Amino acid sequence: MKSIICGIDLGTTNSVIAFLKDGVPTAITVEEGTAILPSVVSFEPANGAHLVGRRARNRRAAFPDLTVSSVKRLMGKETTVSAGEQSFSPEEISSCILKYLAERASETLGERIEKVVVTVPAYFDDAQRRATIRAGELAGLDLVRIVNEPTAAALVYDHVLSPQGDESPCVLVYDLGGGTFDVSILEIKGEIKEVLASGGDTRLGGDDFDERLKDHLLEKLREQAGKEALTEDASLKVRLLDIAERAKIALSDHPYVKVNEVAVAMLKGRPLNLDFELTREQFQSLTADLIERTMTKVIEALEEAHLGPEEIGKVILVGGATRMPAVHEALSTLFDQPIAHSVDPDLCVALGAAIQAGLITGDSIGQILLDVTAHSLGLKTLDEIDPQTGDADHFSTIIRRNTRIPVSRSEVFWTVGDQQSGVEVEVFQGENASCAENTLIGSFFYPLKPAPARSPVIVEFAYDLEGLVRINLDQKGYDNRKEVTLDIRNRRVEDAASSGSAQSPVNYIAEKARRLAAEAGLGEELRGDLLRVASEYEAAIRTVDDEDRVDELEDRLLAVMEQAEEVLESGE
Ligand code: ADP
Ligand code: MG
């Protein structure tokens, strides 16, 4: 029988092992419920044993001297790391991680894994690559191939069914990990991938974002401490960094996060707590320069490859920290295209290593089918008013195209007027900045409680595998929630609040009216009429027994629609 070759992403912060399962690259679960193994090793002085992964990382606060992390930075250097009384070469520490991964994979696959493909950053020099091979040997593994990380990532996207087809052969891989940032530009010539440029910053990663937030948390604690001096000792630092990282991760999916932690520090026997709300905006302003630094490196790489942003066919995101929305925003501005995130950025490199392993063993590699959103989903907002027509028609994306489903994301929107009675929520899908060019998939009215202008409304979209989008609206601070479900495939709106409507069929007239209202060049008044009469008409069908009333509303709606069609025709 042919032996399996596994692919390993030996990362600075996290490592992953994957294999080709019936032609499909698959990451192997190595710790309770996750395929992501923290690249941390912690030693026990008493018996010389060591722990790897999450358990090792959990010991870091209590036993900083016995715990080793980020050893990848030292690979290829003539140096040792000490853990208690003992000292180790960087290769020895890395070998503990490789060995642990291979053992977990052997257990899962039911055969001893001896051969592996391991990835390294494109900029690794000869000494660093040789140190990686040596780590494999120390782990008792046959390291059959070293592959560059961006090349592995690009290999995955080679096998992802792409709806676009003909693209430029140049791809840019943006990899923001825990402690390092790498950018590479590759030219794809079939199986051969040539690195045209590679750059980055080996001292910039997700950890720096945690560090910024940690300083902010420390300031909050110092405000409470008043005149008393609060010093940041090692254990306070670890605790704050942990809180900061969790808040950062939450802010990737939500516009706000509640930081609520008791007794973070003790001051003369008095516990200091953290209890406040942090917005994504605040976080982004604390860290904007870090994103800026990565973008400078992206531009340098483009210059080195003698390419303009428009010559890049695809931007591939790798590394956990690319989940931050600020990364997508900066890149989509520079490249003027929605940025793909379709393969899990934490697993992508290991999956590519598994594909490389399959190419070596001669296995056939299937198309990777992804459960991703085919279109971006979002709302119509007033952010941009067309100076010609006076129409507000800005598409605000909530879930980007190519996002893995199931997914849930929320954004904050702001009311316009004082005591605004409500908003007509219009949900669109598509890739255009203007809603008129996207598809209206449903709309409904959300009544607001009396509040001043510019009060926040949080809108959460949860998209599941069945094609249902659950929309939750929350007028912040007013105890006014509403849940609505849209069936994207069947274009149906279900209002969770008004029971009985669940079975109501699509109302084609009202839907057509809403689509008309979404057309550009209609004028605000006519648009408002369309939406209002459509809502009244729909409500009448659902609740009113009086058929005459329904007929009357239907006539009125048809009349407004006719008017609207005339306006649109004359405008063309
Ligand atoms: P490396 O390649 O260095 O091993 P990873 O690709 O595993 O690193 O990325 C780890 C970093 O990604 C950490 O800083 C972690 O906090 C960050 N990260 C993970 N998930 C998210 C998320 N949802 N939002 C923001 N950052 C995240
Ligand atoms: Mg990585």
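**View 1. F283 is a buried residue.** At 4% relative accessibility, F283 falls in the buried class, because that class takes residues under 20% relative accessible area. The model shown here, and in every view below, is predicted. The partner ring, F209, is also buried, with a relative accessible area of 1%.

**View 2. F43 and F88 make a stacked aromatic pair.** The chain holds 4 aromatic pairs by the pairing rule. In the pair formed by F43 and F88, the ring centres are 4.3 Å apart and the planes meet at 15°. Planes under 30 degrees apart count as stacked. F43 belongs to strand β5 (residues 40-43) and F88 to strand β9 (residues 86-88), so the pair ties together parts of the chain 45 residues apart in sequence. F43 is buried, at 3% relative accessibility. F88 is buried too, with a relative accessible area of 12%.

**View 3. F209 and F283 make a tilted pair.** Their ring centres lie 6.3 Å apart, and the planes stand at 45°, so the pair counts as tilted. The pair links distant parts of the chain. F209 sits in helix α5 (residues 206-225). F283 sits in helix α7 (residues 280-304), 74 residues away from F209 in sequence.

**View 4. R104 lies over the face of Y100.** The distance from R104 to the ring centre of Y100 is 4.5 Å.

**View 5. K476 lies over the face of Y256.** Here K476 is 4.0 Å from the ring centre of Y256.

**View 6. Helices α4 and α9 cross.** Helix α4 covers residues 149-158 and helix α9 covers residues 348-361. Their axes come within 7 Å and cross at roughly 80°. The two helices are therefore roughly perpendicular to each other. On the α4 side, the contact residues are E149, A152, A153, L155, V156 and Y157. They meet C348, V349, L351, G352, A353, I355, Q356 and L359 of α9.

**View 7. The protein chain is assigned five domains, listed here by residue range.** Domain 1 takes in 5-151 + 350-355, and domain 2 takes in 162-202 + 297-344. Domain 3 spans 206-286, domain 4 spans 371-505 and domain 5 spans 507-572. The C-alpha centres of domain 1 and domain 3 are 31 Å apart.

Methods
Residues numbered from 1 in each chain as written. Chains lettered and ligands numbered in written order. Predicted model: local features only at pLDDT ≥ 70, side-chain atom pairs only at ≥ 80, totals over all residues. Heavy atoms only, no water. Phe/Tyr/Trp six-rings, centres within 6.5 Å; stacked < 30°, edge-to-face > 60°. Helix = DSSP H or I, 4+ residues; strand = E, 2+ residues; numbered from the N terminus. Buried < 20%, exposed > 50% of the residue type's maximum accessible area, 1.4 Å probe, protein only. Lys NZ or Arg CZ within 6 Å of the ring centre and 35° of its normal. Domains from an automatic or database assignment. Axes fitted to C-alpha atoms, helices over the stretch in contact; angles between N-to-C directions. Parallel < 35°, antiparallel > 145°, perpendicular 65-115°, else oblique. Contact = heavy atoms within 4.5 Å.
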